[in-house]
Amino acid sequence: MTKYIYAYTHAGNANPWKRATGQSGNFPIKVGETTKPGVARVKQQLTTAFPGLIGVDILFHSEVAERRDGSSFSDHDVRQVLGNAGVVSAGGEWVEASLAEVRGAVVSLQSGLPFDPVRVQTFRMRDEQSRAVSETAAYFRGNADDEPKYLWNAKMRFGKTFTTYQLACEMGWTKVLVLTYKPAVRSQWREDLLSHIDFASWRYIDRDTPSDAADALVDGDDPFVWFASFQDVTGRTPDGKVKPRNETLHIIDWDCIVIDEFHFGAATAAAREVYDPQDSTEAELAKVVDKALDQSNDTDAELVTVDLGLSTRCHLHLSGTPFKAITNGEYAEDQVFDWTYIDEQREKQAREQSGGENPYASLPRMEMYTYSMGDTAAVWADDGAFDGFDLNTYFGAKEEGGTYVFDHPDHVKSWLDLIRGKKQIKGAIIEGTKPPFPYEASRFASGVRHSVWFMQDIAACEAMASLLRSDTFFSTYEVYVAAGAGAGVGAAALQPARAAIKRAESDGKSGSITLSCGKLMTGVTVPQWSSIFMLRSLKAPESYFQAAFRVQSPWTESGEIRKETAYIFEFDPNRALGLVALYGTELANNAPDRETTQRDVLGELVNFLPIFAIDGGQMEQLDTDAILDWAHGGISANSLARKWRSVDLYNLNGVTMGRLLRDPDLIAELEQIEDFRNIREEAERVVTASEKLAKTKRDGGSKSEQKKSKSELAIQRKSIREKLKKVSAKVLIFMYVTDFREERLHHVIESLDTDLFLRATGLSIEGFRKLTDAGVFDVAQMNDAIQKFRYFERKSLESVQ
């Protein structure tokens, strides 16, 4: 029969203990044993001692009382471990300890490790984490001579930090360097290493570790992880030397360099223009990163191979949205492990249906609600100022006389009435029903108790905070501005946010609202956030979904799941659904089955992430066709032609041109085409100009020097781009005349009608595939262009039937 150790305390025991001891602080904790599930035993005791207390201020924990060899231990053994550690007995089964100390004693007995009140985590890897470790380890071992790199394309809550440490153990590594563009993730890397029993021998180093202590750990026998900001490591002293605190990093032969949040900055030069967030505000860094993501398909955003001057055996890159890096050919298929929201929710559903333990149970499902404001603006804005609705314009703000104000305060106030369901909109009442609004509908009550509002800049955050605090309804919420230097930099920004939520709970407020323009939007966890209001215009699915999935973090207390559903509230449906469609395209690009289409992915996505559109007085749950109608609606022949001649379709930079030059067969084929006679010389000039620009930026060249270098690069690109536009136009002709209905670039590349393709484009299918593999053609943008063409074609045919 299974034996359990249980521990609890409660407010009912607090006052007599304080009167008897005159002390304050932790309540005494009772440590007992039972063969019943622990919580059932606690309820049995408390019902007798404190009628009506159940569920009020109970601190509870329960563990199986079993050692590694299968033998059991008793509650007396737990109290003895605590006593040996200096914990005072409060009489009988009661001890004056924290819950962490009790857990530490139980874990010590379970594992046979020394007592440690910090190292109390014992959970094992989930199936997908084990697969990630085994597949990555196999790749590294099979390519050990090539300084291999591997990418984990895994959504938030996959457990990238914990799984990375498990990979380090599997590989037998002893020296691991973790680099990130988002310093706020530091706490997660530290806590996961120091709190789990599997990593008891590992040591942790970061910029706060004294130099002599860090050197001692490096010279010691224990394995260690060194965490550093990417900006800090790439930064230099005024005379161009490595910063003194980073000198040790450059003399270590690392087993692995891990780049966390790889999509932030690791691929574009623009994101490296601010080298050290400690020397400037995080807001500046956030703007650079957001610009790099939102303009990630702009050919002026030069791809960079970062040379850190560090020596390593392996590279591991971690990201939840590395779409551009994958589609541009930076990783082969056997260099990527994928774990998406769809994978997670599919597994959660399967476990629910099969019964038994479900490690995914606490991961909430997402729902999106879009509210049409552009089409209804004329109803509630007399001046009709918001045709062609744009969130950045709508919520635009500025500083005036030391305070922040909205450019259109009356419209923002109307929006606050809208989300409370207080604004009468045309058709808002239909046959006695009304669509749900965030701060009115009961279905959203738990979701909006603690929310985050994603604004465009510090001015908008501050202006919104002032408006909310002066509003009769919203002043009952704790409003916290997570923006600007006052909110802290990097990891320091997390604690104030948690403190604000705690104040809301302790002061009996309606809840909390966190206002952010980028801070805390990546790499950190705020479990209580259950909804996000998207109040800024974003163009890249990477930045959009990184923010959206912030609120999907699990929230559990005392074993109880507090968050079943998390919500995205969106107020620019065209933008949002366009990004959903593009997200579907990119997930399809990365799907193991190369025949998977955007439509296939969207069909499964809306099963696990239902999308509801509120327009006027009606609410509709959108299916795949409806999403594509929203996303591609309004496509004309002219706009389609512009898409197929857009610079977004091509990546012309030093990296892609370098790949092109390393393929003599491809160069030889291109040189047979009149337009590409001089492709070798033109590609070499792009490589040279790219290297010159990167060096100018790296060496801190003046703005005029950088501008000159950019201009030279732009001239070299333009010539190649104009020739590629002719090729893409001919690909469109091929698609039009072929019998096959292509849905993806993959279908074009693997077309069986090779002769027709050659006649239509002047280029062989194999040559076109090589250009795509080199990243010269942007796969994601080409897929989007192909799908828009097919949508336009279908709608044109329907209109004549």
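**Figure 1. Surroundings of Lys723 in helix α26**. Leaving aside the neighbours within four places in sequence, Lys723 is in contact with Asp675, Phe676 and Glu682 in this predicted model. Lys723 belongs to helix α26, and its relative accessibility of 14% places it among the buried residues, because buried means under 20%.

**Figure 2. A nonpolar surface patch that includes Ile733**. Ile733, Tyr736 and Val737 together make a nonpolar patch of about 330 Å² on the surface. Ile733 is part of helix α26, which covers residues 703-737, and with 48% relative accessibility Ile733 counts as partly exposed.

**Figure 3. The aromatic pair of Phe444 and Phe569**. A search of the whole structure finds 48 aromatic pairs. In the pair formed by Phe444 and Phe569, the ring centres are 5.0 Å apart and the planes stand at 85°, so the arrangement is edge-to-face. The pair links distant parts of the chain, 125 residues apart, since Phe444 lies in the loop between α15 (409-419) and β16 (450-454), whereas Phe569 lies in strand β22 (residues 565-570). Both Phe444 and Phe569 are buried.

**Figure 4. Helix α15 and the glycine that follows**. The buried residues of α15 are His411, Val412, Ser414, Trp415, Leu416, Leu418 and Ile419. After α15 comes Gly421, which has a positive phi, near 75°.

**Figure 5. Charged side chains over the rings of Tyr331 and Trp555**. The charged end of Lys149 sits over the ring of Tyr331, at 4.8 Å from the centre of that ring. In the other view, Arg562 lies over the face of Trp555, and the distance to the ring centre is 4.4 Å.

**Figure 6. Glu147 and Leu520, two loop residues with positive phi**. Most residues other than glycine have a negative phi. Glu147, in the loop between α5 (127-142) and β6 (149-154), nevertheless has a positive phi, near 45°, and with a relative accessible area of 43% Glu147 is partly exposed. Leu520 is not a glycine either, yet its phi is positive at about 70°; Leu520 is found in the loop between β18 (511-516) and β19 (531-534), where it is buried, with a relative accessible area of 3%.

**Figure 7. Gly235 in the loop after helix α9**. Gly235 lies between α9 (230-234) and β10 (253-260), in the loop that joins these two elements. At 5% relative accessibility, Gly235 counts as buried. Asn246 is eleven residues away from Gly235 in sequence, and the C-alpha to C-alpha distance between Gly235 and Asn246 is 9.7 Å.

**Figure 8. The whole protein, as a setting for the close-up views**. The secondary structure comes to 30 helices and 24 strands, and buried residues make up 55% of the 801 residues in the protein. Among the contacts with a separation of 6 or more, 74% are between residues 24 or more positions apart. The protein exposes about 34,300 Å², of which carbon and sulfur atoms supply 48%.

Note on methods
Residues are numbered from 1 along each chain as its sequence is written. This is a predicted model: local features need pLDDT of at least 70, side-chain atom pairs count only at pLDDT 80 or more; totals for chains, interfaces and linings use all residues. Side-chain values use heavy atoms; hydrogens and water are left out. Helices (H or I, at least four residues) and strands (E, at least two) are DSSP runs, numbered from the N terminus. Buried means under 20% relative accessible area, exposed over 50%, partly exposed in between (1.4 Å probe, protein chains only). Patches are made of residues with over 30% relative accessible area and no salt bridge: like charges are joined within 9 Å, nonpolar side chains (Val, Leu, Ile, Met, Phe, Trp, Tyr) within 5 Å. Accessible areas come from the Shrake-Rupley method with a 1.4 Å probe; for residues, only the protein chains shown count as cover. A salt bridge is a side-chain nitrogen of Lys or Arg within 4 Å of a carboxyl oxygen of Asp or Glu. Contact means heavy atoms within 4.5 Å. Rings of Phe, Tyr and Trp (its six-membered ring) pair if their centres lie within 6.5 Å; planes under 30 degrees apart count as stacked, over 60 as edge-to-face and the rest as tilted. A charge sits over a ring if NZ of Lys or CZ of Arg is within 6 Å of the ring centre and within 35 degrees of the ring normal.
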